[in-house]
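Thanks for coming. I will walk through one model this morning, going from the whole chain down to single residues. Please keep the picture open while I talk.

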Amino acid sequence: MSDHGTLVSEPIVRADARLDRRRRFGSLFDATRAGRTGVHLPALDVPAADAERIFGAQHRPEVAGEIEASEVDVVRHFTRLSQMNFAIDTALYSLGSCTMKHNPRINEEIARLAGFNDTHPYAPEHLAQGNLELMWRLEQALKALTGFARVTLQPSAGANGELTGALMIRAAHVKAGNPRKNVLVPDSAHGTNPATAHFAGYDVVELTSNAHGTLDLAELASKLNEDVAALMITVPNTLGVFEERILDIAKMVHDKGAYLYLDGANFNAFVGKVRPADMGVDVMHMNLHKTFSTPHGGGGPGAGPVGVAPALVPFLPVPTVENDGGVFRLEVDRPDTIGKMRTFYGNFGVLVRALTYIVSYGNRIHEVAENAVLNANYIRRKLEPFYHLKYDAPSYHEVVFDDKKQAAHGLHNIDVAKRLMDYGFHPPTMSFPLIVPGALMIEPTESEPKEELDAFIDAMIAIAGECETSPEIVHGAPHTTPVRRLDEAGAAREASKVGNFAPVLRAPVK
Amino acid sequence: MRYIPNSPDERAELLAAVGASSVDDLFATVPRAVYHRETPPLPPPASEIEVRRDFGALAASNASLSDWTSFLGAGLYSHHSPAFVSQLLLRGEFLTAYTPYQPEVSQGTLTAVYEFQTHVALLTGMDIANASMYEGASAFVEAVLMAERLTKKKTKVVVSQGIHPEYLRCLRTYLANFPFTIVEVPVGADGLTDAAALESAVDDATFAVAVQSPNAFGVVESWDGLAAAAHAKNALAIGVVNEMFSLAVLQPPGARGVDIACGEAASFGVPPSFGGPLVGFLACRDAFKRQIPGRLVGKTVDADGASAFCLTLSTREQHIRREKATSNICTNQGLFALAATMTLSALGKQGLRETALQCLAKAEYLKAGVKALAGPFSLPFSGKTFNEFALRCGPGVDAVLRRAEENRILAGVPYARLDPLGPAHRDLLLVAVTERVPRAGLDGLLAVLRSF
């Protein structure tokens with residue numbers, strides 16, 4: 001036990017915040033001053049255009065309600081906003097399944113090179129050879145790590161990658177004469193899996209997990225038939241558990257002519273240790289932002305490349321990048337393609353960061369998985385006496401506790417999560433898996449040092465103690481953040497109010 | 001490895017603490033037949049020095065818009081981004097934060113998203129905007145699906161061929177397994193969507209009608225005509241915009257009867273970055289907000305009654321609705337929506353207008369220059385344009401591009417790049433102008449054209 005228990009014994013009176021009105025003004029829209037501007041353009045060097053004469057009734061004289069602020073105002077505003085954010089640069093970010101690992105700054109420097117950053121997707125191919133080669137090299141690296149025949153880099157995010165994979169599976173079944181009807185999804189899956197299957201035109205059949213949190217093979221056998229297009233499985237699953245029988249599962253699926261889709265959101269748990277294609281996987285998306293550490297940026301962008309087995313290669317979205325003896329080109333003529341998932345070629349800037357990261361690790365990238373799994377198991381071992389573990393199967397990169405012990409004192413996972421903020425850590429994930437009510441899903445990642453793990457463990461143990469001795473402190477948490485616990489239900493109730501999503505709604509358009 | 005803090009001694013200590021004799025023990029439930037003990041088939045780790053050398057060479061082999069005079073647009077326009085924007089984006093508190101699911105420690109991100117929503121609502125003249133979409137094409141697809149949900153039991157969407165061909169291609173891909181019909185309406189000789197054809201294509205089965213302005217040929221369309229055609233048959237009007245600066249000089253879709261506005265907001269300070277990441281936007285009337293896909297930030301209060309922001313109305317999203325979820329959007333473009341918000345804040349009312357007027361003036365200057373040429377070039381469409389126009393190239397598009405390249409000019413985008421396998425408009429070059437190009441650059445392009 002550390003002395004964290006006495007760190008915040010009663011609510012702190014935040015006098016500084018109350019006196020500092022500038023930290024309370026909220027939006028820059030409330031602080032604009034008529035006549036200010038923050039951008040200075042060169043003098044117009046051609047004759048001015050008379051927009052009113054050119055556009056007539058379609059002319060708009062001004063964007064009423066827009067901000068008027070100097071560069072100083074804007075820089076200070078956004079700098080203050082940044083100070084109200086928790087980030088992985090601050091401390092351990094325990095959000096399970098989101099994989100908040102260190103974001104190397106060399107990746108940012110490389111992505112910002114003008115030769116990458118300031119290039120246009122419709123530049124002639126012979127003037128974009130570096131970009132095309134980079135995409136080709138990333139595909140080769142991902143092929144080496146997954147064992148797949150090809151990888152499309154186009155999908156914009158993990159969920160978009162899932163849809164790309166599902167559309168390819170459907171296209172392959174259609175080409176074979178029957179699109180089939182169902183996709184099987186375990187009850188422990190990410191919510192995006194059933195949503196994706198539905199979006200691709202399939203009915204979702206849910207599979208109940210067994211007592212270890214893994215797939216029940218008898219259950220699978222009972223629901224697997226010639227109407228099943230694919231099984232969507234997550235490895236390790238959202239409980240952090242590896243499907244031990246994955247080879248049997250693949251065989252069962254293939255015997256019925258279905259495809260095995262692997263949700264690769266947790267690829268960081270086995271990158272460099274297992275190639276998914278070797279396990280019989282036909283399609284897998286990779287969240288580059290998770291496994292290959294491109295910054296999450298407060299919500300995005302990510303990238304969700306998809307690897308496929310040879311049977312699905314004809315259905316890849318266009319364009320693909322081809323290497324003709326060192327000359328790189330975009331292939332658009334693929335007769336069986338599913339089409340396009342987005343404009344241009346993908347989140348190129350994210351691809352640059354991911355390849356930089358892969359090259360930096362090189363043939364030691366398996367250490368990512370080894371250390372991520374080691375750190376997660378260390379946390380599991382230390383917290384097992386204090387938090388309940390519904391499924392006790394061996395953990396990989398994350399461990400899912402629940403609040404059963406704390407609930408005995410009237411406290412829930414959200415209280416533990418909010419209290420953790422007072423100790424300087426970002427809370428764990430609580431929204432899934434749905435099969436663990438009161439879940440606390442913790443993922444430390446490989447980039448946490450032992451002393452940070454220990455500090456996090458101490459905080460979690462201290463909170464477990466507080467739940468027994470001073471539950472009111474935990475229930476009222478957080479006490480030290482820029483704002484206190486929010487009325488999130490109220491936000492939804494108030495959603496019918498005009499002005500709840502933008503302060504100047506219905507401003508008259510000029 | 002420099003990104004893994006634990007030393008070999010600490011690693012041994014952690015292994016002992018978890019009761020494992022080796023790392024392989026941790027992976028005991030992986031079938032041995034597929035478990036790799038050897039190192040992966042990649043080169044040894046690269047140092048920062050090597051990474052800079054290797055990637056620097058790759059970057060140097062591309063034509064950077066910083067070094068060339070560029071007239072490339074066609075859905076992605078390269079505008080000035082203030083220096084502070086890229087520097088503030090590098091602040092770790094923005095760069096390395098996650099989705100703001102815990103609002104008490106995410107008020108920075110949440111406030112910025114709220115401001116993004118406000119900017120988009122103001123620019124488009126709509127009541128409400130979401131926290132951003134992947135990019136323009138997927139925003140367009142989601143707008144169409146949203147319209148379908150709002151007008152139950154209808155099966156047909158009518159779209160103008162003036163919409164960016166890649167957006168239309170995405171629509172076909174995403175809708176492939178839905179029982180909906182897509183009807184395309186052609187663009188007429190003036191470069192505008194054929195109004196009569198549009199009107200006759202819309203019927204009682206139609207749930208949405210979509211038009212882009214300025215369209216893929218640069219021509220400014222009429223939102224009034226779109227809204228009238230849609231509303232006559234109780235369909236929703238979808239307005240697509242991928243050059244948002246046009247909304248500083250043109251009436252916005254929301255003021256002219258459009259129900260859902262969508263498209264691309266990358267013009268505001270987002271680097272072109274070979275086409276991604278970009279920032280899609282989606283905005284609509286207040287009455288439709290419960291069907292808007294993606295994330296929304298709303299106002300609420302904290303335990304002390306202080307005003308604060310949080311994500312809200314997420315009950316339609318995947319993590320709650322699972323197979324009943326109505327969109328494929330799971331995230332937003334946080335960091336680049338932030339870049340757009342910062343840029344818009346600095347531009348402000350005055351900078352928006354001034355930038356738009358400079359773009360318009362420079363495009364008009366180029367068009368006047370082309371008209372004055374006696375050579376084999378013409379402006380095929382009579383409709384009004386904002387900062388991009390189609391140029392018919394008598395000598396062939398490729399010949400023009402090659403000669404321009406000799407002068408370090410990227411003359412424009414061949415229309416064929418938008419629709420590579422389509423047969424139409426192979427003699428058209430799309431020429432876009434932004435405030436980044438000085439008069440000397442405009443004259444340079446005119447000189448190239450004059451040389452034919």
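Before the first number, one term: two residues are in contact when heavy atoms lie within 4.5 Å. Keep in mind as well that this is a predicted model.

With that, chain A. Among the contacts in chain A with a separation of 6 or more, 70% are between residues 24 or more positions apart. The chain holds 18 helices and 11 strands. Its radius of gyration is 26 Å, and the globule rule gives 24 Å for 510 residues; the two are close, so chain A is as compact as a globular protein of that length. The C-alpha trace spans about 75 × 70 × 45 Å along its principal axes.

How many of the residues of chain A count as buried? The figure is 66% of the 510. What chain A does expose comes to about 16,500 Å², with carbon and sulfur atoms supplying 51% of it.

Now the inside. In soluble globular proteins, nonpolar side chains tend to be buried together. In this model, the largest nonpolar core has 235 residues, and Leu231(A), Phe292(A) and Leu383(A) are the ones that touch the most other members. Helix H12 of chain B, residues 334-372, gives this core its largest share, 19 residues. There is also a second, separate core of 67 residues, which includes Ala172(A), Val283(A), Val159(B) and Leu296(B).

Take Phe292(A) from the first core. Leaving out residues up to four places away in sequence, Phe292(A) touches, among others, Leu142(A), Phe267(A), Val271(A), Tyr357(A) and Ile365(A).

Next, the sheets, starting in chain A. Seven strands make an open sheet with mixed pairing, in the order E1-E7-E6-E5-E4-E2-E3. Which strands stand at the edges? They are E1, residues 150-152, and E3, residues 203-207; each has a single partner strand, so one side of each is left without a neighbour in the sheet. From one strand to the next, the twist averages 25 degrees.

Inside that sheet, look at E2(A), residues 182-186, and E4(A), residues 228-234. They pair in the parallel sense over three bridges. One bridge partner pair is Asn182(A) with Val228(A) in E4(A). Helix H10 of chain A, residues 246-255, packs on the sheet and touches E4 and E5, its direction making about 140 degrees with that of E5(A). Helix H8 of chain A, residues 192-199, lies across E2, E3, E4 and E5, and runs at about 160 degrees to E4(A).

Chain B has an open sheet too. Seven strands form it, with mixed pairing, and the order is E2-E8-E7-E6-E5-E3-E4. Here the edges are E2, residues 128-129, and E4, residues 181-185; each has a single partner strand, so one side of each lacks a neighbour in the sheet. E2(B) is joined to E8(B), residues 280-284, by two bridges, and the two strands run antiparallel. Ile128(B) has Cys284(B) as its bridge partner in E8(B). On this sheet packs helix H8 of chain B, residues 165-174, touching E3, E4, E6 and E7, with its direction at about 160 degrees to that of E4(B). Helix H10 of chain B, residues 223-231, also packs on the sheet; it touches E5 and E6 and makes about 150 degrees with the direction of E6(B).

Further along chain B is strand E12, residues 388-393. Five of its six residues are buried, so to speak of it as mostly covered is fair by the 20% cut-off. E12(B) is joined to E15(B), residues 428-432, by five bridges, running antiparallel, and Glu388(B) stands opposite Ala432(B) there.

Last, a helix and one residue that touches it. Helix H15 of chain A, residues 413-422, has nine of its 10 residues buried, so the rest of the structure largely encloses it. Its buried residues, including Lys418(A) and Met421(A), pack against helices H14, H16, H17 and H18 and strand E11 of chain A.

Is Gln102(B) buried or exposed? Its relative accessibility is 5%, and buried means under 20%, so Gln102(B) counts as buried. It is found in the loop between helices H5 and H6 of chain B. Beyond its neighbours within four places in sequence, Gln102(B) is in contact with Lys418(A), Met421(A), His426(A), Pro427(A), Pro428(A) and Met430(A). That is where I will stop.

Technical notes:
Residues are numbered from 1 along each chain as its sequence is written. Chains are lettered from A and ligands numbered from 1 in the order in which they are written. This is a predicted model: local features need pLDDT of at least 70, side-chain atom pairs count only at pLDDT 80 or more; totals for chains, interfaces and linings use all residues. Side-chain values use heavy atoms; hydrogens and water are left out. Helices (H or I, at least four residues) and strands (E, at least two) are DSSP runs, numbered from the N terminus. Buried means under 20% relative accessible area, exposed over 50%, partly exposed in between (1.4 Å probe, protein chains only). Two strands pair if DSSP finds at least two bridges between them. Axes are lines fitted to C-alpha atoms, for helices over the stretch in contact, and angles run from 0 to 180 degrees between N-to-C directions. The radius of gyration is taken over C-alpha atoms; the globule rule is 2.2 Å times the number of residues to the power 0.38. Accessible areas come from the Shrake-Rupley method with a 1.4 Å probe; for residues, only the protein chains shown count as cover. A nonpolar core is a set of buried Ala, Val, Leu, Ile, Met, Phe, Trp, Tyr and Cys residues joined through side-chain atoms within 4.5 Å.
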